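Reader: I'm new to this one and would like some help reading it. Could you walk me through it, feature by feature?

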Amino acid sequence: MKHFSAKIFLLLQPIVLSAAPEFHRDIAPIIHENCSSCHRPGQAAPFSLIDYNQVKKRAKQIVEVTGERIMPPWHADHGVVEYANDRSLSSNQIDLLRKWFEAGTPEGDLTHKVPAPVFPDGWELGSPDLEVAMSEPFVVPAQGKDIYRNFVIPLDLQEDQWINAIEYKPGAPQVVHHVLYFLDTSGTARKKDLEDAAPGFSGFGSVVNQFRYLGGWDLGTQASVLPYGLALKAPKGADLIIQVHYSPKGREYQDLSKLAIHFADKPTSRPWTILPVPPMFGILDGIDIPAGEKEYVKKNTFIVPVDLEAFRVNAHAHYLGKRMEMTATFPDGRKEWLLKMSDWNFAWQEDYQFKKPVHLPAGTKIDVLISWDNSATNPHQTNHPPKPVRWGPQSNDEMGTITLSVMLDTQEQKDALHQSVKVFMAAQAVRRAFNGDITTLQHARAGGIQIPDSTAQKLLVLAKGLDFDQDGKLSEIEVNAGAATLAPHMNGVGAIGID
Ligand code: HEC
């Protein structure tokens, strides 16, 4: 016990003995490092936080938002998983800000004054190897439904290249909801563009299926370079297609999106892909949230079929998303968090990069829990009064998925992983069909999934036939029997579902 209190005394000592925090010595480094990149002219934040007067003026508010961990924006729960790009403050930094405020915001000794931080102008990742833009602006009307529009951007590559970063800048950030990138080497996208008089061409699912998925951008994502020497192949002559999801916002906007592309000097160090649980943003998960429900929960489990290493995780839902949780249970029974988010915020979507790659041996169980709050008291509620919400592509529909980015040793492992994802989706389709959930199956078809029968109705009949023991429900074995038959037809899951 004595030993213990001595330790506490040592811990307390520096705080007790040191004088009150001062701006130039103690506070400016925290602000410059963690706040000024956004809180400066021309950036997303509504005011600058760089010099003494700017920070002093808002000191009280700063203490509040840092104390509640609202700022800097970082929505994974604090202290659960270590991420390399974690931008949250330490408890010590939060305490220092509070103490400085309580001491009356002293400016302190001017000899400690440091120059204002310098930020690269323009692109966050520095100057790119290739800068491209939409060929003409797209007009987003003031009112109406959300728009999914695809734009073809020729890259004019004279030889095959390996891309290791794409940075995106919306021309009208007010109305751009998210963007997906694809590559086309067939000329199909150019043809579709020509057939459509307005800039680009419309459609969600057909694009998702046909072209090679390259990644995407969501509101709030920090730009990053692929780690560990990973890269994506961009063949000579390939066109970049960007699928932009626009949400009209009450006045007309013109969008001219720009992209900065960085090339690696070598091919990818390893095969890699994405592992979304559930796949295709949850299109087959049967999301159907009753009006007013405070917490609607969906759970999914995916068993990893081959050894792999996860290097980042990302979650996606719309406004009503609440909890986003992913754990790995290893074959030896050990369990580890991969993502824990208790308060999903649509405005801040992030690629959470693991500090070290997480090895997930074959047989690891990935459990995902996603929940939504469709009550009137949810501040992000879009319907007043609340109404039932299902899966759908509009931003006031819902989606829900958590996606790992994973590295493998061989192409065969990657193929095996993709095969398992197809079986997983086929099993979801079988369950939906057995429950008579025709709306979900119709959505899946609209999303481009090639459920083989010409109508979703036929699948319903097929699914009923899987109840071999006729006990009125489908056992795991019965689901799997159906999924095995259906899986080869899930080709359409292509792009977003699996790379
Ligand atoms: C990644 C960009 C980013 C970073 C980093 C960031 N902010 Fe912000 N901040 C914003 C944006 C954008 C807003 C506007 C409100 C919103 O969209 O959430 C904001 C709003 C605020 C507000 C007003 C909150 C309100 O309720 O109106 C305060 C105060 C604030 N930030 C303080 C800070 C402090 C202090 C730091 C660093 C410790 C910081 N921010 C880091 C982007 C950022």
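Author: Happy to. Let's begin in a loop: Pro 278 sits in the one between β12 and β13 (288-289). Keep in mind throughout that this is a predicted model.

Reader: What is the peptide bond from Val 277 to Pro 278 like, cis or trans?

Author: To read a peptide bond, look at its omega angle. From Val 277 to Pro 278, omega is near -10°, and the bond is cis. Another cis bond joins His 384 and Pro 385, with omega about -5°. Pro 385 also belongs to a loop, the one between β19 (365-372) and β20 (389-390).

Reader: And what about phi of Thr 105, is it positive or negative?

Author: Phi is another backbone angle, and here you look at its sign. For Thr 105 phi is near 50°, a positive value in a residue other than glycine. You'll find Thr 105 in the loop between α5 and β1 (130-133).

Reader: Let's move on to sheets. What is the order of the strands in the open sheet that has β12 in it?

Author: To read a sheet, go across it from strand to strand and note who pairs with whom. This open sheet has 4 strands, in the order β12-β21-β15-β18, and the pairing is antiparallel. At its edges are β12 (272-277) and β18 (351-360); each has a single partner strand, so one side of each is left without a neighbour in the sheet. From one strand to the next, the twist averages 30°.

Reader: How many bridges are there between β15 and β18?

Author: β15 (residues 308-317) pairs with β18 over 6 bridges, in the antiparallel sense. If you'd like one pair to look for, take Asn 314, whose bridge partner in β18 is Asp 351.

Reader: Which strands form the open sheet that includes β1?

Author: Read that one in the same manner. Its 4 strands come in the order β1-β11-β4-β8, with antiparallel pairing. β1 and β8 (232-234) are the edge strands, each pairing on one side only. The twist here averages 45° from one strand to the next. Inside the sheet, β4 (residues 161-169) and β11 (residues 258-264) run antiparallel and are joined by 7 bridges. Trp 162, for instance, has Ala 264 in β11 as its bridge partner.

Reader: Now helices. Which strands does α8 lie across?

Author: For a helix on a sheet, see which strands it covers and at what angle it runs. Helix α8 (residues 411-434) lies across β12, β15 and β21 (400-407), and it runs at about 20° to β12.

Reader: How do the axes of α8 and α10 cross?

Author: For two helices, check how far apart the axes are and at what angle they cross. The axes of α8 and α10 (residues 456-464) come within 8 Å and cross at roughly 90°. Therefore α8 is roughly perpendicular to α10. On the α8 side, the contact is made by Ala 429, Val 430, Ala 433 and Phe 434, and on the α10 side by Leu 459, Leu 460, Ala 463 and Lys 464. By class, these residues divide into 7 nonpolar, no polar and 1 charged.

Reader: There's a ligand too. Which residues come nearest to the ligand?

Author: With a ligand, start from the shell of residues around it. Here there are 19 residues, of which Cys 35, Cys 38, His 39, Met 71 and Arg 87 come nearest. The shell has 14 nonpolar, 4 polar and 1 charged residues. Helix α4 (residues 59-67) gives the most to this shell, with 4 residues. Next, look at the atoms. A nitrogen atom of the ligand is 2.7 Å from an N or O atom in the side chain of His 39, and an oxygen atom of the ligand is 3.5 Å from an N or O atom in the side chain of Gln 61.

Reader: One last residue: what does the side chain of Ser 88 make a polar contact with?

Author: For a single residue, place it and then list its contacts. Ser 88 is in the loop between α4 and α5 (91-102). Its side chain makes a polar contact with the side chain of His 78, at 3.4 Å. A polar contact of 2.6 Å also joins the side chains of Ser 88 and Asp 86. Not counting residues up to four places away in sequence, Ser 88 touches Arg 69, Trp 74 and His 78.

How values were computed
Residues numbered from 1 in each chain as written. Predicted model: local features only at pLDDT ≥ 70, side-chain atom pairs only at ≥ 80, totals over all residues. Heavy atoms only, no water. Pairing = 2+ DSSP bridges. Axes fitted to C-alpha atoms, helices over the stretch in contact; angles between N-to-C directions. Contact = heavy atoms within 4.5 Å. Parallel < 35°, antiparallel > 145°, perpendicular 65-115°, else oblique. Nonpolar A, V, L, I, M, F, W, Y, C, P; charged D, E, K, R; others polar. Near = heavy atom within 4 Å. Polar contact = N/O pair within 3.5 Å; in protein donor to acceptor, adjacent residues only side chain to side chain.
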